[in-house]
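The following note is offered to a colleague who is about to examine the model. The points are numbered so that each may be checked in turn.

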Amino acid sequence: MNGKIGLIFGDGIGPEIVREAKKVLDRTAEKFGHRFDYKELLLGGASIDVHGVPLTKETVEEAKACDAVLMGSIGGDAKTSPWYQLEPSKRPEAGLLGIRKALNLFANLRPAYLYEELRSSCPLREDISRAGFDLLIMRELTGGLYFGARKTEEVDGVMTAVDTLSYNELEIRRIAKRAFDVAQKRRGKVCSVDKANVLDSSRLWRKVVEEVAKDYPDVELSHMYVDNCAMQLVMNPAQFDVILTENMFGDILSDEASMVTGSIGMLSSASLNDTRFGLYEPSHGSAPDIAGQNKANPIATILSAAMMLRYTFDLDQEAEAIEGAVRQVLKDGYRTGDIMTEGCTYTGTVQMGDLIAERI
C-alpha cells in the first residue's frame, strides 16, 4: 500500500516528536511492505515566521491532497513570543482552529489509557489506579462556543463580552454516530455528557443523541452532567468506555483524563471528517521550555501515528505493532523525564524513538 502523509512539524518540541513518529512509521512501512510519501506543511508559529499568518490557503489545499496529516504541537510562550503580540486571529492557535474548520474535522478522538507500568505515576488513589482504565473521549470539534459569534463592546458604559454557543441537530447527529460506531468496536458503552439542566444546546444534544441510540441497540447509552463527569473521572474512571460531548466540555474533560494517566505526554488524538481523512496529533502542547533539548516524550505522537494507520489506512495489524512496541519499551524500563520513576532508565527523545522502532 502507498500512502501520502502531510507532516506539520509545528512549534516548540513539535519538530522533535514528529521526527520520531516518522521514524517509527518508516520502520513499520518497511516491516509490512508499505510505502509512505511525505509532504511538509506549515502551520502555527512556523507559518507566521514564513508567511505572516498561521494558516495559508496553500497549506489547506496541500493537506486536502494528502491521505492524512500528522502534526506536532502548535504555539509558543505567550509571555515572550512575538507571535502573541499579534491580534488573536493571527496567533498560532488560530491556524489550528482554521485548519480544523477548513478540513471539516468535526470528530476528535482522545483515548486515555493507564499503562500498568505507569500506575505509579497516576495521581489517583492506589485502589483507583490499580483498577486501571481505558476510555476514549469523542469531542465535537467544529461547533459550539469556540466557533460561535463573539464580540466585546461597551454597553451602557460597561465593557461587555459575548460568546455564542450554538449547535444544530445535524452537527450533533454526525458526532453521535461516530461515538456509537467506535463504541461498537470497544466495550459497547457511550456516556453522553452535557449540561441539559441549564443549557438549551445541551437539551437538543441529549434529544438527538437519544434518537441516534435507537439505531444502535447493542450499545448502552447513559447521560451525565459535565460537572459530575469531571468528578467521576477522578473517582472512578474505569466506569467509562466512550465519552461523547460537545466542543468546550470535551476540551476540558480530555485534558483532565490525560493527566490521570500520569502524563499528557502519553496521550494521542485523532481529528476526523466524513471520509477516512484525519489529522493526528499529540494531546499535549508545544512545551517551548524544553524545545531542542532532547527531553520531550515522543510517545503521544507515535501513538497518534498508530491511530492514523488504524482510522485512515485501515491497517489494524500495523497500528497494533506500534502500540505493542510502546508497551514493550515501557516494560523494559525505559522512560523519558515526564514518566521517570526510580529503577528505570532515563531516555531522551531520539533514543525513545529508536527503541520503539527497533521493537516493531
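1. A crossing of two helices is called left-handed if the near helix is turned anticlockwise from the far one by less than a right angle, and right-handed if it is turned clockwise. In this predicted model, the crossing of H11 and H12 is right-handed. Helix H11 covers residues 316-331 and helix H12 residues 349-358; the two pack at an angle of about 115°, and their axes are 8 Å apart.

2. Which residues bring H11 and H12 together? On the H11 side they are Ala325, Val326 and Val329, and these meet Met352, Leu355 and Ile356 of H12.

3. Helix H11 also contains glutamine 328. This glutamine 328 is partly exposed, at a relative accessible area of 34%. Its C-alpha atom lies 9.9 Å from that of glutamate 117, although glutamine 328 and glutamate 117 are 211 residues apart in sequence.

4. Aspartate 316 should be considered together with arginine 310, since the two form a salt bridge in which the closest N and O atoms are 3.8 Å apart. Aspartate 316 is partly exposed, with 36% relative accessible area.

5. Salt bridges deserve separate attention: a search of the whole structure finds 27 of them. Some are joined to one another, and Asp134, Arg186, Arg187 and Asp241 are linked in a network.

6. One salt bridge pairs glutamate 126 with arginine 130, with 3.6 Å between the closest N and O atoms. Both residues belong to helix H5 (residues 126-131), where they are 4 residues apart, about one turn of the helix. Glutamate 126 has a relative accessible area of 57%. Because exposed means over 50%, glutamate 126 counts as exposed.

7. Another salt bridge joins the side chains of arginine 173 and glutamate 211, at 3.0 Å from N to O. Arginine 173 is in helix H6 (residues 169-184) and glutamate 211 is in helix H7, so this pair ties together parts that are 38 residues apart in sequence. Both ends are partly exposed: arginine 173 has a relative accessible area of 23%, and glutamate 211 has one of 28%.

8. Helix H7 (residues 200-213) also holds serine 202. Is serine 202 buried or exposed? Its relative accessible area is 4%. Because the limit for buried is under 20%, serine 202 counts as buried. When neighbours within four places in sequence are left aside, serine 202 is in contact with Asp194, Lys195, Ala196 and Phe249.

9. A buried position is also found in a loop. Glycine 143 is placed in the loop between strand E5 (134-140) and strand E6 (150-155), and its relative accessible area is 3%, which makes it buried. Apart from neighbours within four places in sequence, the residues in contact with glycine 143 are Ser166, Tyr167, Glu171 and Asn247. The C-alpha atom of glycine 143 is separated by 25 Å from that of leucine 7, a residue 136 places away along the chain.

10. The surface includes a nonpolar patch formed by Met231, Val234 and Met235, which together have about 280 Å² of accessible area. Methionine 231 lies in helix H8 (residues 226-235). With 44% relative accessibility, methionine 231 is classed as partly exposed.

11. Two asparagines merit inspection of their backbone. Most residues other than glycine have a negative phi. Asparagine 104, by contrast, has a positive phi, near 55°. Asparagine 104 is in the loop between helix H4 (92-102) and strand E4 (107-113), and is partly exposed at 27% relative accessibility.

12. Asparagine 294 likewise has a positive phi, near 60°. Its loop runs between strand E12 (278-282) and helix H10 (299-311). The relative accessible area of asparagine 294 is 34%, so this residue counts as partly exposed.

Terms used:
Residues are numbered from 1 along each chain as its sequence is written. This is a predicted model: local features need pLDDT of at least 70, side-chain atom pairs count only at pLDDT 80 or more; totals for chains, interfaces and linings use all residues. Side-chain values use heavy atoms; hydrogens and water are left out. Buried means under 20% relative accessible area, exposed over 50%, partly exposed in between (1.4 Å probe, protein chains only). Contact means heavy atoms within 4.5 Å. Patches are made of residues with over 30% relative accessible area and no salt bridge: like charges are joined within 9 Å, nonpolar side chains (Val, Leu, Ile, Met, Phe, Trp, Tyr) within 5 Å. Accessible areas come from the Shrake-Rupley method with a 1.4 Å probe; for residues, only the protein chains shown count as cover. A salt bridge is a side-chain nitrogen of Lys or Arg within 4 Å of a carboxyl oxygen of Asp or Glu. Axes are lines fitted to C-alpha atoms, for helices over the stretch in contact, and angles run from 0 to 180 degrees between N-to-C directions.
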